[in-house]
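Work through the exercises below with the sequence and the 3D view at hand. Each task is followed by a solution in steps.

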Amino acid sequence: MKRRIRVTALALALSVFGAAPRAESPAPADLLRDALWLKYRSLPAGQRPRVALVLSGGGARGLAHIGALKVLAREKVPVDLIVGTSVGAIVGALYAADVPVGDIESMAAEVGWNKLTDVSTARVVRLLLAERLLSTAKMEDYLRARMGPKSFADLKTELACVAADLRTGEEIVLREGPVALAARASATMPGVFDPVPYRHRLLIDGGVVNNVPTDVARRLGADVVICVYLPADFSRNNVTNVLSTLTQALYIQGQVISEERLKLADLVIRPDVADISASELGRSREAMDAGQRAAEIALPEIKRFLGAKFMEKSVRAGAARP
């Protein structure tokens, strides 16, 4: 009898808690949400749903990921797995390596293509005339200098970086070996930069095959998928050079597929960065601020959803006890 009363009470609370928030919602619903949230985030991994954070590609727009991470870290949102493509892999690698979000933010504010690649006027001319691609080796050095020579096994948070095999077109999910190399491979744009040799493969930007890898997160056992998605309004971007042309073509290709992959996410954070082109690293502050604003807006729903998941587990556990 006591078990039945306990389960019924939990089910009733869940029905209240799970209702969509409304302006006229009573204060007790908010109190319940916050109480369950505090309980949820205090639970160790294994005693709560496995949460994956999916960080999409988008070039300079992807610096919005940092603003979103700033909010999630402040609120201590538990993240068990990060799956990133392209710039999402770079930001995700730094976060998984336990680099403070404030440091990542400072890095983004000062970053430029010259620090990540060997782009220069002379080399672009060489690319056009001699058909010799540019290199992203400096990107790997830059990441290693800030996170150390870490392998995936050393990371505080589980990480997966999505790249593509240039020879076969396969999606390659990198989960072992040097982290800096994997993040670099995931963000190496084809047609401009040399593919990254990895074992017997030549790897390029994961956005070619999977710009929003929510499906990868599900395959890796995520119970809850939170995605930071960076849609672009291509009509608002100025295409003025080789780099901007190729980046725009790359993301146009993946836009339709990305919308389908979003259906696998439980929660989507959408920073308003549509007018920032993939190559505009100089607008890093705008992108990060947009990411922070979007995460703040999504935060109540994130707390509600995760708290509801905790309640569901409690109800099931109570029903299973004799």
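**Exercise 1: Two cysteines**

Cys227 has a relative accessible area of 0% and is buried, where buried means under 20% relative accessible area, exposed over 50%, and partly exposed in between (1.4 Å probe, protein chains only). The model is a predicted one, in which local features need pLDDT of at least 70 and side-chain atom pairs count only at pLDDT 80 or more, while totals for chains, interfaces and linings use all residues. Residues are numbered from 1 along each chain as its sequence is written, and side-chain values use heavy atoms, with hydrogens and water left out.

Task: classify Cys161 as buried or exposed, and state how many disulfides are counted.

Solution. Step 1: Cys161 has 0% relative accessibility, so Cys161 counts as buried. Step 2: a disulfide is a covalent bond between the sulfur atoms of two cysteines. The rule applied here asks for a pair of cysteine sulfur atoms within 2.5 Å. Step 3: by this rule the count is zero disulfides.

**Exercise 2: Strand β7**

Task: find which way the side chains of β7 point and which strands pair with β7.

Solution. Step 1: locate the strand, residues 224–228. Helices (H or I, at least four residues) and strands (E, at least two) are DSSP runs, numbered from the N terminus. Step 2: Val224, Ile226 and Val228 point one way, Val225 and Cys227 the other way, and all are buried. Step 3: five of the five residues of β7 are buried, so the strand is largely enclosed by the rest of the structure. Step 4: look for partners; two strands pair if DSSP finds at least two bridges between them. Strand β1 (residues 51–55) runs parallel to β7 and is joined to it by five bridges, with Leu53 opposite Ile226. Strand β8 (residues 267–269) is also parallel to β7, over three bridges, and there Ile269 is the bridge partner of Val228.

**Exercise 3: Helix α4**

Task: state how many residues of α4 are buried.

Solution. Step 1: α4 covers residues 87–96, and 10 of its 10 residues are buried. Step 2: among them are Val87, Ile90, Leu94 and Tyr95. Step 3: just after the helix, Asp98 takes a positive phi of about 70°.

**Exercise 4: Trp37**

Task: place Trp37 in its helix and list what Trp37 touches.

Solution. Step 1: Trp37 lies in helix α2 (residues 27–42). Step 2: its relative accessible area is 2%, so Trp37 is buried. Step 3: not counting residues up to four places away in sequence, Trp37 touches Glu75, Lys76, Val77, Pro78, Lys303 and Leu306; contact means heavy atoms within 4.5 Å. Step 4: Val77 is 40 residues from Trp37 in sequence, and their C-alpha atoms are 9.3 Å apart.
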